[in-house]
There are 2 protein chains.
Amino acid sequence: MARLTGLVDWSKGYAVAVSDAQPVTRRTGGVARGRIDKRQKILDAAFAVFAREGYAQAGVDAIAAEAGVAKATVYNHFHDKETLLRAAIAASADQALTENLAVVEQLTERGESLRATLETVGIRLIQCYCREQSWALRRLLAAEITQFPDLLEIVQGRATERITEALADRMARLMIAGRLRAGDPRVAAEQFLALLTGPVEIRARLGTRQIPESERRDVARAAVDTFLQAYAVERPASG
Amino acid sequence: MARLTGLVDWSKGYAVAVSDAQPVTRRTGGVARGRIDKRQKILDAAFAVFAREGYAQAGVDAIAAEAGVAKATVYNHFHDKETLLRAAIAASADQALTENLAVVEQLTERGESLRATLETVGIRLIQCYCREQSWALRRLLAAEITQFPDLLEIVQGRATERITEALADRMARLMIAGRLRAGDPRVAAEQFLALLTGPVEIRARLGTRQIPESERRDVARAAVDTFLQAYAVERPASG
DNA sequence: AACTAACTAGACCAGTAAGTCTAGATAAAT
DNA sequence: ATTTATCTAGACTTACTGGTCTAGTTAGTT
């Protein structure tokens with residue numbers, strides 16, 4: 001009866017299910033994971049369908065079909081539709097986080113001009129922000145936040161907050177290195193991100209419009225201009 | 001059979017239904033509107049329930065109950081659940097727009113210091129942005145945009161876009177008046193808004209956290225600082 | 001007072017979807 | 001070859017809800 005002989009309470013245990021609830025098979029052998037990649041397939045399909053139709057509208061049948069899997073298999077991996085939602089969102093947030101962190105890491109104090117570095121990082125951050133998956137994640141989160149308030153922690157703890165913090169770290173390094181005027185690195189990070197994503201937000205229309213490459217570059221350049229005018233130590237030759 | 005003897009196709013006519021589909025009673029008399037304020041009650045209730053539960057989850061019964069009205073009455077005013085959603089969102093967007101425009105209008109070239117004016121306007125804009133209804137509207141829009149793409153035009157045409165444009169107008173005036181460095185007023189408007197709402201967005205956690213008054217003031221001040229350092233004509237005495 | 005349009009309460013139908021269950025297929029490990 | 005865990009297809013139960021309809025009520029207008 002009990003599927004795990006009572007080792008863990010799975011009824012609400014999304015914290016476990018979310019991170020790595022590997023089915024038993026995975027651990028039995030050495031090479032292992034006979035066809036447990038189905039789990040990932042289900043997660044991907046679930047995210048896609050949830051994003052497209054919304055939680056309430058999304059049918060588990062549809063998710064199973066999109067994953068190329070039987071409905072029972074879905075319930076084999078995830079106890080609940082709700083659990084599935086949390087897992088899918090967590091997985092997507094993790095993915096978005098690593099992408100963003102990789103970009104933030106490129107913001108070092110050494111290297112050519114600070115302006116050029118900021119612009120490159122800016123363009124890449126905008127790229128991340130404009131991924132279809134990113135838009136879907138933000139939309140889905142906004143949609144279901146009132147029904148499942150804990151989604152906020154699942155995502156915020158994995159994405160927005162951590163990215164801002166990582167960027168703040170870099171800003172602090174730049175300030176210490178004398179490349180940026182001293183100030184609150186957290187505010188600097190927030191404002192840099194705001195200058196990048198704010199204009200994008202308006203122009204992208206919640207992700208329904210694809211912003212052309214050139215426009216994204218313009219936004220990044222304008223953002224860096226404004227940012228540097230406020231935070232650069234020596235004034236760049238203007239005009 | 002046809003409720004309006006075929007004058008208008010009501011089956012999908014949200015453009016009409018949205019703006020002012022007043023029931024006949026309203027026009028029969030002079031003083032009129034016997035109890036047609038029910039329409040507003042329904043709209044308010046619908047927005048509240050849609051925002052709380054999401055479109056798919058929201059039951060028309062629940063909306064009727066919250067409006068203090070029979071279900072049939074809802075269908076008397078609005079042909080469809082879908083029509084009701086559009087109408088409710090449009091009404092809410094209209095309201096948000098007028099509030100925001102009233103604030104933007106306060107940004108004139110005369111008056112004490114430009115910095116003080118910008119700060120006041122900034123604080124008020126943040127206030128508008130943080131209204132529970134504003135958050136609900138943005139969340140709801142994000143939630144249903146994939147299902148009802150036309151919602152975007154209903155809202156964007158009434159809110160975001162118009163506000164940005166109005167602000168850009170003011171920026172242009174300030175540039176012409178020599179109070180701001182000449183440049184693209186549209187970009188200035190976007191960046192000013194971004195500097196205000198970006199940090200608020202992160203801190204408010206999709207509207208689930210109430211930002212204290214002092215924190216909002218800090219954000220506005222920081223935004224104005226950065227903005228003026230980039231756009232002021234003469235450098236403000238720093239330090 | 002008579003008329004009329006909007007309202008109410010509640011029954012009702014039809015469609016849909018979460019979650020369970022059964023019986024059988026597949027494939028890794030011993 | 002046998003065992004064991006997962007998988008599949010699909011029927012099934014249960015519950016909910018959009019929209020309609022009916023019968024009767026309320027209140028403004030003439």
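In this predicted model, the two copies meet through the same surface, because 100% of the interface residues of chain B are also interface residues in chain A. A turn of 180° with a shift of 0.0 Å along the axis lays chain B on chain A, with an RMSD of 0.0 Å. That is the relation of a two-fold axis. The residue of chain B that comes closest to this rotation axis is A143(B), whose C-alpha lies at 2.1 Å.

The largest nonpolar core holds 80 residues. Those that touch the most other members are L180, F192 and F227, in chain A and in chain B. Leaving aside residues up to four places away in sequence, L180(B) touches L114(B), M171(B), L174(B), M175(B), F227(B), L228(B), Y231(B), A232(B) and V233(B). Apart from the largest core lies another, of 74 residues, and its members include F78(A), V74(B), F78(B) and V155(B).

L114(B), one of the contacts of L180(B), is also among the buried residues of helix α7(B). This helix covers residues 114-130, and its 17 residues should span 24 Å at 1.5 Å a residue; the end C-alpha atoms are 24 Å apart, which agrees. Of the 17 residues, 12 are buried, so α7(B) is mostly covered. Besides L114(B), the buried set includes E119(B), G122(B), I126(B) and C130(B).

Helices of chain B that help cover the buried residues of α7(B) are listed below.

| Helix of chain B | Residues |
|---|---|
| α6 | 81-104 |
| α8 | 132-144 |
| α10 | 160-176 |
| α11 | 185-204 |
| α12 | 213-231 |

How values were computed:
Residues numbered from 1 in each chain as written. Chains lettered and ligands numbered in written order. Predicted model: local features only at pLDDT ≥ 70, side-chain atom pairs only at ≥ 80, totals over all residues. Heavy atoms only, no water. Core = buried A, V, L, I, M, F, W, Y, C linked by side-chain atoms within 4.5 Å. Buried < 20%, exposed > 50% of the residue type's maximum accessible area, 1.4 Å probe, protein only. Contact = heavy atoms within 4.5 Å. Helix = DSSP H or I, 4+ residues; strand = E, 2+ residues; numbered from the N terminus. Expected span 1.5 Å × (residues − 1). Least-squares fit on C-alpha atoms with pLDDT ≥ 70 in both.
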